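Here is a friendly walk through the strands, a helix and a few unusual backbone spots of one protein chain. Please keep the model open beside the text as you read.

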Amino acid sequence: MADNSIRLQKFLADCGVASRRKSEELIDMGKVKVNGEIAHIGDKVNPKRDTVTVNGKKIVKSTKDKLYIMLHKPRGFITTMSDEMDRKCVAQLIGDVPERVYPIGRLDRDSEGLLLFTNDGEFANAMMHPSKHVAKTYRVTVRPFVTEDQLARITHGIIIDDRKTLPAEVRVVTKEENRTVLEIVLYEGRNREIRKMCEELGLEVARLKRTAVGSIKLGMLPQGSWRNLSEDEVRKLMLAAGMQMKKK
């Protein structure tokens, strides 16, 4: 008999509960149960046989269409779908999305710009997997000014958190006496990477905005607004992450 068991975090992601990484956090926090028993990282479930609950709510795999959207995240919002400290979170900005979706990666509270959401667990995992190196483009305003040596260090990699960053692309957009606007393209998704690199270089980040993921640009989407990605945009992101777009 075929074994239809899959990892619990993959099942949760496929059901649109959260990304695999966030699902693992929910499991670690004891909020997930399988057949009434508290689940653990590494557990597997058979979707046809096992009952999975999150915070007491039964989870069922959706048969509805996959959604792929982009949000123009403003500063002051945290990238989470709920917050126990009652802080402003991105869930408030996508309350009118017809299906439950979750963010792919994150932008910290003081950052703004393009943030992707989906209910497609496979897509989210591919976009965030460290081996995929999907490019993310940022417009970064720093103070007071940037030297050629500092630009070179960003390009070649900087030791942060005891590990060297991957080579990045950087160019000067505008340069004034007390501030410089940079465009930085990263190929990894480390936590607060640009802020930590700038801190290591003695630079103050005055503003940080993600303007593109892969070839998909934020464009003129107003702050706080979201829109569906086109089929062509989804295809381009899948190709960037090494996925094949499934035929309908």
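## Strand E7 and its partners

E7 and strand E9 (residues 112–118) run antiparallel and are joined by six bridges. Here helices (H or I, at least four residues) and strands (E, at least two) are DSSP runs, numbered from the N terminus, and two strands pair if DSSP finds at least two bridges between them. The model is a predicted one, in which local features need pLDDT of at least 70 and side-chain atom pairs count only at pLDDT 80 or more, while totals for chains, interfaces and linings use all residues. Residues are numbered from 1 along each chain as its sequence is written, and side-chain values use heavy atoms, with hydrogens and water left out.

Within the pairing with E9, Leu71 has Leu115 as its bridge partner. E7 also pairs with strand E17 (residues 226–228), in the antiparallel sense over three bridges, and there Ile69 stands opposite Asn228. Strands of a sheet pair through backbone hydrogen bonds, either parallel or antiparallel.

Are the residues of E7 buried or exposed? Six of its six residues are buried, where buried means under 20% relative accessible area, exposed over 50%, and partly exposed in between (1.4 Å probe, protein chains only). Tyr68, Met70 and His72 point one way from E7, whereas Ile69, Leu71 and Lys73 point the other way.

## Other strands

An open sheet of four strands has the order E3-E2-E5-E6, with antiparallel pairing. Its edge strands are strand E3 (37–38) and strand E6 (57–58), each of which pairs on one side only. Strand E2 (residues 32–34) meets E3 over two bridges in the antiparallel sense, and Val34 has Glu37 in E3 as its bridge partner.

Further along, strand E13 (residues 169–175) and strand E14 (residues 180–186) pair antiparallel over six bridges. E13 and E14 form a hairpin with four residues between them, and Glu169 stands opposite Val185 in E14.

## Helix H5 and what covers it

Which residues of helix H5 (residues 193–200) are buried? They are Glu193, Ile194, Arg195, Met197 and Cys198. The cover over these buried residues includes strand E10 (136–143), helix H4 (148–156), strand E11 (159–160), E14 and strand E15 (204–213).

## Backbone details

Some positive phi values are worth a look, and the table gathers them.

| Residue | Phi | Place |
|---|---|---|
| Gly202 | about 80° | just after H5 |
| His133 | near 55° | loop between helix H3 (121–128) and E10 |
| Arg192 | about 55° | loop between E14 and H5 |

His133 is partly exposed, with a relative accessible area of 37%, and Arg192 is partly exposed at 38%. A cis peptide bond, with omega about -5°, joins Arg143 and Pro144. Pro144 lies in the loop between E10 and H4.

## Two positions to find in the model

Thr80 sits in the loop between strand E7 (68–73) and strand E8 (102–103). Thr80 counts as buried because its relative accessibility is 14%. Leaving aside neighbours within four places in sequence, Thr80 is in contact (heavy atoms within 4.5 Å) with Lys22, Cys89, Val90 and Ala91.

Gly242 is in the segment after helix H6 (231–240) and is exposed, with a relative accessible area of 57%. Gly242 and Met127 are 115 residues apart in sequence, and their C-alpha atoms are 8.9 Å apart in space.
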